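Colleague: Could you walk me through how to read a structure like this one? I would like to start with single residues and work up to the whole fold.

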Amino acid sequence: MEKRKTKKTGLLLVALFLGYTMVYIDKLSVGYSLIPISEEFGLDPAAKGMIMSAFFLGYAIMQIPMGLVINKVGSRVVLIGSVLGMGLFSFLFGFGTSLIMFMSLRFLTGFLAHSGYASSASKEVTMNFPPEKRTFAQGILLSSSGVAGFIGPLALSPIITNAGWNNAYMLLTALAVVIAIFLIIAIPRNEKAKEKEEAIVTKTEKISILVIWSDIRVWILFLSSFFINCLLYGLSSWVPSFLTGERGLALNGAAVISSVGGLFMLIGSIGGSYVVGRFFQHKEKAVVAITAILGTLSAFGSYYIGNLVLLSIVMGLANFFLIISFVTMMSIPLRIFEGAKFAPSYGTLATGGILGGFVSPTLIGKLVELSNGQYISTFIFFLVVGLLTAVTIMFIKQK
């Protein structure tokens with residue numbers, strides 16, 4: 001029985017990992033596709049930033065309501081629907097012809113497709129893994145950002161260059177459908193005893209959102225998540241434009257540097273989550289603060305590096321430390337929020353991160369315009385929000 005249970009949880013983890021990979025590839029694809037799209041439709045940096053931010057606006061608006069939806073319909077339905085939604089909106093985005101259309105489709109992608117995946121996946125982790133294994137399980141899921149960051153640029157860039165950005169989104173649609181089918185197979189329809197007990201709690205225990213919001217820990221994590229995601233999403237969204245614009249690299253060259261960063265993220269998310277879960281339990285906030293500072297300084301320093309090999313390494317180190325900080329931060333809620341409180345609490349703090357993703361691209365677009373195409377003000381912005389992450393997280397109390 002124990003062996004069978006381990007096999008099922010292993011299959012579940014693989015399925016959730018693939019879904020998360022689709023989430024990150026979908027986010028990553030826009031940073032690369034907007035380079036030829038902006039040339040084809042004459043979009044300036046501010047317009048590009050608006051398209052990126054539209055996604056996070058929709059994502060943020062639906063995040064807290066989606067936490068309540070998960071309690072009612074269950075995480076399985078939301079997980080499968082999320083991935084199918086990504087496929088549908090990728091398909092429609094491939095036929096985009098105007099700024100309004102691109103913004104609307106990215107808004108709907110965040111609003112309907114992405115908003116429920118992270119909370120649903122985390123809820124599956126809390127129901128199927130003991131507390132001492134949740135940090136590592138969450139780290140495995142979030143390591144998908146490294147896999148997407150490593151494989152995505154190397155795969156997307158040649159497809160966009162040779163086949164066109166439209167066809168790249170057709171392939172993303174097919175990928176989403178395949179992953180959704182795997183989720184349908186891997187997530188059991190019949191809940192196990194523990195899952196039934198969890199479902200009963202979440203349906204019968206009436207938790208007011210005001211009770212959730214009265215917990216100061218929710219707002220500390222909200223702010224910390226906001227600051228670090230300003231940095232993470234700013235880097236992922238604008239580094240391709242920085243490398244092809246100010247540094248003058250071809251799209252494929254920029255993809256190679258981004259891919260190195262993705263490899264470092266993969267190592268950091270898996271290795272970091274294992275080390276933190278094994279040796280630094282109940283000391284997570286210190287890990288978040290230290291790695292946020294190291295990652296921020298690496299990101300800021302990379303602006304002044306001219307050698308492309310060294311630039312790749314330093315940007316890789318920035319991704320390495322920042323993903324450890326992020327994964328560790330997102331493991332804290334899995335320990336301090338349970339039952340019916342989990343999804344709304346997680347949704348609230350996740351909203352902070354999504355708002356960071358909304359503010360950052362648009363603000364960076366404005367900063368680039370005001371700096372006449374130079375990115376120094378962008379990297380100063382990265383420095384500020386990274387240091388604020390480290391300061392804010394130290395106020396949380398861990399039991």
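**From single residues to domains**

Modeller: Happy to. I140 is found in helix α6 (residues 131-142). Keep in mind throughout that this is a predicted model.

Colleague: Is I140 buried or exposed, and how do you decide?

Modeller: The relative accessible area decides, and under 20% counts as buried. I140 has a value of 17%, so this residue is buried.

Colleague: Which residues does I140 touch, if I skip those up to four places away in sequence?

Modeller: I140 touches L13, F17, I270 and S273 on that count. You can also look at backbone distances: the C-alpha atoms of I140 and S269 are separated by 7.0 Å, although these residues are 129 apart along the chain.

Colleague: Could I try that reading on L154?

Modeller: Please do. L154 lies in helix α7 (residues 144-163). Its relative accessibility is 41%, so L154 counts as partly exposed. Leaving aside neighbours within four places in sequence, L154 is in contact with A255, V256 and S259. The C-alpha atoms of L154 and S259 are separated by 6.6 Å, with their positions 105 residues apart along the chain.

Colleague: And a residue outside the helices, such as L43: where is its place?

Modeller: L43 sits in the loop between α1 and α2 (45-73). With a relative accessible area of 15%, L43 is buried. Beyond four places in sequence, L43 is in contact with I37, S38, K48, I51 and L99. For L43 and L99, which are 56 residues apart along the chain, the C-alpha separation is 7.9 Å.

Colleague: How should I think about buried residues as a group?

Modeller: In soluble globular proteins, nonpolar side chains tend to be buried together. Here, the largest nonpolar core has 118 residues, and Y117, L183 and L221 touch the most other members. Helix α1 (residues 2-41) gives the most to this core, with 16 residues.

Colleague: Why does this core lie between domain 1 and domain 2?

Modeller: Both domain 1 (1-203) and domain 2 (207-398) give residues to the core, so it lies between them. To follow one of the well-connected members, take L221. Apart from neighbours within four places in sequence, L221 is in contact with M329, I332, P333, I336, F337, L349, I393 and I396.

Colleague: How far apart do the C-alpha centres of domain 1 and domain 2 lie?

Modeller: Those centres lie 18 Å apart. The contact takes 52 residues from domain 1 and 52 residues from domain 2.

Colleague: Let's turn to aromatic rings. How many aromatic pairs are there?

Modeller: The count comes to 25 aromatic pairs. To classify a pair, look at the angle between the ring planes, where over 60 degrees counts as edge-to-face. The rings of F41 and F102 have their centres 5.5 Å apart and their planes at 70 degrees, so the pair is edge-to-face. F41 lies in helix α1 and F102 in helix α4 (residues 99-114), so the pair ties together parts that are 61 residues apart in sequence.

Colleague: Are F41 and F102 buried or exposed?

Modeller: F41 is partly exposed, with a relative accessible area of 29%, whereas F102 is buried at 0%. Another edge-to-face pair is formed by F320 and F321, at 5.2 Å centre to centre and 75 degrees between the planes. F320 counts as partly exposed, at 23% relative accessibility.

Colleague: Which residues do ring pairs link into a cluster?

Modeller: W238, F242, F300, Y303, Y304, Y375, F379, F381 and F382 are linked in this way.

Colleague: Finally, how do I read the packing of two helices?

Modeller: Look at how their axes approach and cross. The axes of helix α15 (residues 342-370) and helix α16 (residues 376-393) come within 8 Å and cross at roughly 145 degrees. The contact is made by S360, L363, I364, L367 and V368 of α15, together with S377, T378, F381 and F382 of α16. These residues divide into six nonpolar, three polar and no charged.

Colleague: What about N372, in the loop between α15 and α16?

Modeller: N372 has a positive phi of about 60 degrees although it is not a glycine. Its relative accessible area is 69%, so N372 is exposed.

Note on methods: Residues numbered from 1 in each chain as written. Predicted model: local features only at pLDDT ≥ 70, side-chain atom pairs only at ≥ 80, totals over all residues. Heavy atoms only, no water. Axes fitted to C-alpha atoms, helices over the stretch in contact; angles between N-to-C directions. Helix = DSSP H or I, 4+ residues; strand = E, 2+ residues; numbered from the N terminus. Contact = heavy atoms within 4.5 Å. Nonpolar A, V, L, I, M, F, W, Y, C, P; charged D, E, K, R; others polar. Core = buried A, V, L, I, M, F, W, Y, C linked by side-chain atoms within 4.5 Å. Buried < 20%, exposed > 50% of the residue type's maximum accessible area, 1.4 Å probe, protein only. Domains from an automatic or database assignment. Phe/Tyr/Trp six-rings, centres within 6.5 Å; stacked < 30°, edge-to-face > 60°.
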